[in-house]
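Visitor: Could you walk me through this one and tell me what's behind the labels?

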Amino acid sequence: MEPFKLVGDHLEVLDQRFLPEKEVWIRVHNGFEGARVIKEMAIRGAPIIAVFSAYCLYIHSLREPESLMQAWEALRNSRPTGVNLHKILDEVKPIIENGGKPEDLYNFARAVESREREINEKIAKYGLLLFDRKKRVLTYCNTGSLATVGLGTALGIIKLAHRNGLIEEVYVGETSPYLQGARLTAYELRLEGIPYKVVPDNHIPFLISRGMVDIAIVGADRITKDLFVFNKIGTLSIALACRYYKVPFVVVAPSTTFDENPYSDKIEIEERLDIPREDYLYFAFDITPPDLVDFIISDKGIRKVS
Ligand code: MRU
């Protein structure tokens with residue numbers, strides 16, 4: 001399942017807003033269009049939008065090299081909370097400042113893509129160490145092949161655990177209002193033949209209180225130097241319930257999701273205003289403090305947090 005593909009001089013993006021009902025592909029011809037499909041949530045998930053942005057800059061350099069830096073800025077402004085995108089764009093900036101040759105940008109995008117794939121493979125292997133027996137796992141949002149390159153992060157661990165006979169059941173929070181859990185994670189679990197149940201977000205603490213969850217495994221959009229976890233809104237309530245009922249709460253993220261800076265209230269939390277009701281307040285992400293996190297798993301290994 002590829003969230004996007006390079007076809008000659010443009011990109012084809014699988015519009016995740018229509019999944020799993022319909023497979024709709026959108027053509028993207030430059031970085032501005034790339035920024036728009038990120039903003040509109042056609043493509044989402046912190047690691048994949050970073051890789052996608054690198055490819056957007058490559059195709060932009062083929063058609064409109066004079067506005068490469070403006071395209072870079074549009075991409076940078078498309079998602080403020082997740083850190084992967086910003087890190088990749090900082091990394092590619094010297095190539096643009098050096099003339100932005102298409103072949104350099106292409107090689108950069110390819111390298112970033114394969115780096116992310118290798119990272120996910122390492123994460124899944126570390127994650128398997130969490131499973132000393134068959135477990136009932138709770139996960140949230142979508143952290144699978146639609147959100148990254150390869151198997152996925154938190155969902156990648158679940159897939160590998162299932163292939164090793166270690167999953168009894170997966171509970172997926174539906175993840176209101178875009179329903180990344182109910183639509184995208186459920187779809188990926190179905191394709192893998194993993195037993196699952198989708199649960200409305202407000203059921204999650206109750207499930208945990210009833211002893212129905214052995215472990216919660218979620219992704220992240222940014223982990224600060226002091227280990228505050230920025231992830232899909234709703235993650236904090238899972239962490240709180242897990243700590244109260246003594247269920248391990250595990251955050252999984254590639255090293256590309258780690259911010260070198262400590263937590264600051266200046267980090268922008270996206271508010272998505274395109275939800276159906278104008279009288280709603282809707283933050284896209286929340287922040288879980290490190291004292292609620294049991295473990296963080298990345299491609300560097302497993303870290304005990306609190
Ligand atoms: O708003 P989304 O769908 O991009 O939110 C995604 C998440 O919150 C994921 O947990 C995160 O990006 C990690 S994906 C590997």
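Visitor: Where does Pro20 lie?
Guide: Pro20 is in the loop between strand E2 (10–14) and strand E3 (25–28). This is a predicted model, so local features need pLDDT of at least 70, side-chain atom pairs count only at pLDDT 80 or more, and totals for chains, interfaces and linings use all residues. Numbering runs from 1 along each chain as its sequence is written, and side-chain values use heavy atoms, with hydrogens and water left out.

Visitor: What makes E2 a strand?
Guide: Strands (E, at least two residues) and helices (H or I, at least four) are DSSP runs, numbered from the N terminus.

Visitor: What joins Leu19 and Pro20?
Guide: A cis peptide bond, with omega at about 0°. Ser176 and Pro177 are joined by a cis bond as well, omega again about 0°. Pro177 sits in the loop between strand E5 (167–173) and helix H7 (180–192).

Visitor: Why is the contact between Gly45 and the ligand called polar?
Guide: A polar contact is a pair of N or O atoms within 3.5 Å; within protein, one must be able to donate a hydrogen and the other to accept it, and residues adjacent in sequence count only if both atoms are side-chain atoms. A backbone N or O atom of Gly45 lies 2.9 Å from a ligand oxygen, so the pair fits the definition. Ala46 brings a polar backbone atom 2.9 Å from a ligand oxygen, and a polar side-chain atom of Arg79 comes to 3.0 Å from one.

Visitor: How many residues surround the ligand?
Guide: 18, and the closest are Arg44, Gly45, Gln180, Asn231 and Lys232. To count as near, a residue needs a heavy atom within 4 Å of the molecule. Helix H2 (46–63) and strand E9 (229–232) each supply at least two residues of that shell.

Visitor: What makes five of the shell residues charged?
Guide: Asp, Glu, Lys and Arg count as charged, Ala, Val, Leu, Ile, Met, Phe, Trp, Tyr, Cys and Pro as nonpolar, and the others, Gly among them, as polar. The rest of the shell is six nonpolar and seven polar residues.
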